[in-house]
Number of protein chains: 2
Amino acid sequence: MNDKLYSITELAEEFDITPRAIRFYETKGLLSPQRAGATRVYNYRDRARLVLVLRGKRLGFTLEDIKEYIDLYDAERSHSDQLAHLMLVGRKRIGELEQQLEDVQTTLGELRKIEAEARDALKARGLDPEEAVQNLGRKLPAKAGV
Amino acid sequence: MNDKLYSITELAEEFDITPRAIRFYETKGLLSPQRAGATRVYNYRDRARLVLVLRGKRLGFTLEDIKEYIDLYDAERSHSDQLAHLMLVGRKRIGELEQQLEDVQTTLGELRKIEAEARDALKARGLDPEEAVQNLGRKLPAKAGV
DNA sequence: CAATAAATTTACGCTAACGTCAGCATTATG
DNA sequence: CATAATGCTGACGTTAGCGTAAATTTATTG
């Protein structure tokens with residue numbers, strides 16, 4: 001059931017990125033799909049890797065970081081040195097992410113406070129906050145993406 | 001008690017960045033210290049802003065994102081439109097960060113699993129994991145920072 | 001006050017992560 | 001089968017975020 005195959009544009013559309021980006025990740029060693037002739041063909045594992053890449057990006061890691069991270073999954077667990085190295089790199093990343101977790105939580109707290117204050121201030125003026133937000137779209141020149 | 005002033009190098013050293021970076025943030029409108037003649041002088045508020053900038057960076061935001069975010073703090077809360085806008089932008093960021101929170105937690109979980117597995121595998125070979133990690137430093141050409 | 005040391009501006013350089021052609025081959029379709 | 005549509009490989013262009021060097025004040029210190 002996991003034998004489904006994907007074209008490059010299918011993946012691109014699914015994840016809202018460009019084929020160019022996907023090819024670029026390949027040149028960086030993050031993906032290595034099969035080929036049918038010259039055409040790239042992605043299987044379920046390739047797709048899973050792409051998911052990891054995109055999540056890594058959302059977390060602000062560089063593609064090189066992400067490669068190192070992905071390699072943790074595929075690392076040989078044959079030599080003890082490999083295993084020790086796995087632990088070492090894993091711990092480093094864990095440390096980084098724990099810091100990031102703290103940052104995210106702090107910032108979320110601050111933002112929620114700001115939003116709540118703004119909402120209260122609107123209510124105090126006898127306005128419906130949701131309505132006020134809606135109205136912005138009509139007054140302003142239309143900002144973000146359809 | 002919060003009237004302490006800082007030179008650019010003091011801040012740079014405290015946060016382990018370069019003066020060049022701090023000046024760069026200023027050109028992007030993220031900081032606006034006073035001047036004593038031509039020399040930049042930073043007060044407590046400037047320093048607090050810098051902290052926000054650096055945290056934003058750790059979260060993977062662009063400097064432009066960070067500017068928008070910082071501006072939320074200083075936004076006028078006089079007009080209702082401003083308040084509604086504040087809510088809108090705040091919610092957008094909150095959404096992003098909630099996604100990021102999920103990403104961080106997922107990735108942390110995966111990494112902890114990998115690290116634990118590596119540790120168990122080493123133990124199963126009768127090795128002390130900590131020792132094995134230590135030994136890496138002596139065998140390998142010395143990789144990361146001091 | 002002469003000699004450093006520290007700051008400033010200006011400007012060019014560099015890397016990451018793609019975007020954007022160009023030119024060509026392959027595949028799909030009316 | 002003519003014509004799109006899709007894909008491939010270069011190769012150059014672009015933006016963000018500083019690094020680095022040069023030339024020039026400004027500050028500090030023996």
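**Entry 1: surface near strand D**

I began with the protein elements near DNA strand D. In chain A, α1, α2 and β2 (39-41) each supply at least two residues of that surface, and so does α2 of chain B. I note that the model is a predicted one. The largest share comes from α2(B), with 4 residues. I sorted the surface residues by class and got 6 nonpolar, 5 polar and 6 charged.

Which residues come closest to strand D? I find 17 residues around it, the closest being Thr9(A), Arg23(A), Arg40(A), Thr18(B) and Lys57(B).

**Entry 2: phosphate contacts on strand D**

I then looked at the phosphate oxygens of strand D. Thr9(A) has a polar side-chain atom 2.7 Å from one. For Arg23(A), a side-chain N or O atom is 2.7 Å from a phosphate oxygen. Arg40(A) also places a polar side-chain atom 2.7 Å from a phosphate oxygen. I checked which part of the strand faces the protein. Of the strand D atoms within 4 Å of the protein, 73% are sugar or phosphate, and the rest are in bases.

**Entry 3: strand C**

I repeated the search on DNA strand C. Here α2 (19-27) of chain A supplies at least two surface residues, as does each of α1 (8-15), α2 (19-27) and β2 (39-41) of chain B. The largest share, 4 residues, belongs to α2(A). The class count is 6 nonpolar, 5 polar and 6 charged.

Strand C has 17 residues around it. Those that come nearest are Thr18(A), Lys57(A), Thr9(B), Arg23(B) and Arg40(B).

I looked up three phosphate contacts. The side chain of Lys57(A) has an N or O atom 2.7 Å from a phosphate oxygen of strand C. Arg23(B) brings a polar side-chain atom to 2.6 Å from a phosphate oxygen. What part of Leu63(A) lies 2.9 Å from a phosphate oxygen of strand C, backbone or side chain? I find a backbone N or O atom there.

Of the strand C atoms within 4 Å of the protein, sugar or phosphate accounts for 67% and bases for the rest.

**Entry 4: helices of chain A**

I turned to the packing of α1 (residues 8-15) and α3 (residues 44-58) in chain A. Their axes are 12 Å apart and the angle is about 40 degrees. The two helices are therefore oblique to each other. I read the crossing of α1(A) past α3(A) as right-handed.

Last, I took α5(A), residues 80-124. This helix has 45 residues and spans 65 Å from first C-alpha to last, close to the expected 66 Å. After α5(A) comes Gly126(A), with a positive phi near 75 degrees.

How values were computed: Residues numbered from 1 in each chain as written. Chains lettered and ligands numbered in written order. Predicted model: local features only at pLDDT ≥ 70, side-chain atom pairs only at ≥ 80, totals over all residues. Heavy atoms only, no water. Expected span 1.5 Å × (residues − 1). Near = heavy atom within 4 Å. Polar contact = N/O pair within 3.5 Å; in protein donor to acceptor, adjacent residues only side chain to side chain. Nonpolar A, V, L, I, M, F, W, Y, C, P; charged D, E, K, R; others polar. Axes fitted to C-alpha atoms, helices over the stretch in contact; angles between N-to-C directions. Parallel < 35°, antiparallel > 145°, perpendicular 65-115°, else oblique. Left-handed = near helix turned anticlockwise from the far one by under 90°.
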